[in-house]
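Colleague: I should like to understand the terms applied to this structure. Please set each value against its cut-off.

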Amino acid sequence: MKKFYLFLFYIIFITQPSKSEGTTFILDNLQYKIISEIDKTVEITKYLGQESSCIIPSFVKENNIDYKVVSITGYTYQSGSSFSGPIYDYEGAFFSARLTSVIIPPTTTLSSSCIEYSSYLLGNTENEVNYG
């Protein structure tokens, strides 16, 4: 009987994943999406803050698990529908943010929309984007 309870404990508490791939969570004004539970990696999908500067961390902790921040992308949302189904739009992670300074660790890659935003920031001499 003791072995049964140990087995039951193992099934209930040990084998349950804390989050699944594709799950999002918010921490320090950034929305993250879990890319891989095996590699413990996440990507930033949206900036939610109102500040003028943002420091992208190399690692974040969610449910006592350290995740490596490996990319900055964006998010998809349903903007309408048609006869053939829903219509989706895409916005970059920093879309409509009023940032003047972004610091990005060297471990993080950028999607094309983030590169466009970085180029926009760099085009203004008052703004800065620092990599690493």
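Modeller: Let us begin with Glu43, which has a relative accessible area of 12%. This is a predicted model, in which local features need pLDDT of at least 70 and side-chain atom pairs count only at pLDDT 80 or more, while totals for chains, interfaces and linings use all residues. Residues are numbered from 1 along each chain as its sequence is written, and side-chain values use heavy atoms, with hydrogens and water left out.

Colleague: Why is Glu43 called buried?

Modeller: Buried means under 20% relative accessible area, exposed means over 50%, and partly exposed lies in between (1.4 Å probe, protein chains only). Glu43 has 12%, and therefore counts as buried.

Colleague: What makes Glu43 and Lys33 a salt bridge?

Modeller: The term requires a side-chain nitrogen of Lys or Arg within 4 Å of a carboxyl oxygen of Asp or Glu. The closest N and O atoms of Glu43 and Lys33 are 3.7 Å apart, so the pair qualifies. Glu43 belongs to strand 3 (residues 41–47) and Lys33 to strand 2 (residues 30–36), 10 residues apart, and the pair thus links distant parts of the chain. Strands are DSSP runs of E with at least two residues, helices are runs of H or I with at least four, and both are numbered from the N terminus.

Colleague: Why is Lys33 described as partly exposed?

Modeller: Its relative accessible area is 32%, which lies between the two cut-offs, so Lys33 is partly exposed.

Colleague: How many salt bridges are found in the whole structure?

Modeller: The search finds 3. Another of them joins the side chains of Lys40 and Glu37, with 3.3 Å from N to O. Here Glu37 is buried at 15%, whereas Lys40 is partly exposed at 30%. Asp66 and Lys61 also form a salt bridge, with their closest N and O atoms 3.8 Å apart. Asp66, at 45% relative accessibility, is partly exposed, and Lys61, at 47%, is likewise partly exposed.

Colleague: How do you know that Phe25 and Tyr32 are stacked?

Modeller: The structure holds 2 aromatic pairs. Phe25 and Tyr32 form one of them, at 5.4 Å centre to centre and 20° between the planes. Rings of Phe, Tyr and Trp (its six-membered ring) pair if their centres lie within 6.5 Å; planes under 30 degrees apart count as stacked, over 60 as edge-to-face and the rest as tilted. Both values of Phe25 and Tyr32 meet these limits, so the pair is stacked.

Colleague: Why, then, is the pair of Phe25 and Tyr67 called tilted?

Modeller: Its centres are 6.2 Å apart, so the rings pair, and its planes differ by 40°, which is neither under 30 nor over 60 degrees; the pair is therefore tilted. Phe25 in strand 1 (residues 24–27) and Tyr67 in strand 6 (residues 65–72) are 42 residues apart, so that this pair too links distant parts of the chain. Phe25, Tyr32 and Tyr67 form one aromatic cluster.

Colleague: Are Phe25 and Tyr67 buried or exposed?

Modeller: Phe25 has 5% relative accessibility and Tyr67 has 0%; both are buried. Tyr32 is buried as well.

Colleague: What is the secondary structure of the chain, and what share of its residues is buried?

Modeller: There are 2 helices and 11 strands, which run α-β-β-β-β-β-β-β-β-β-β-α-β from the N terminus. Of the 132 residues, 36% are buried.
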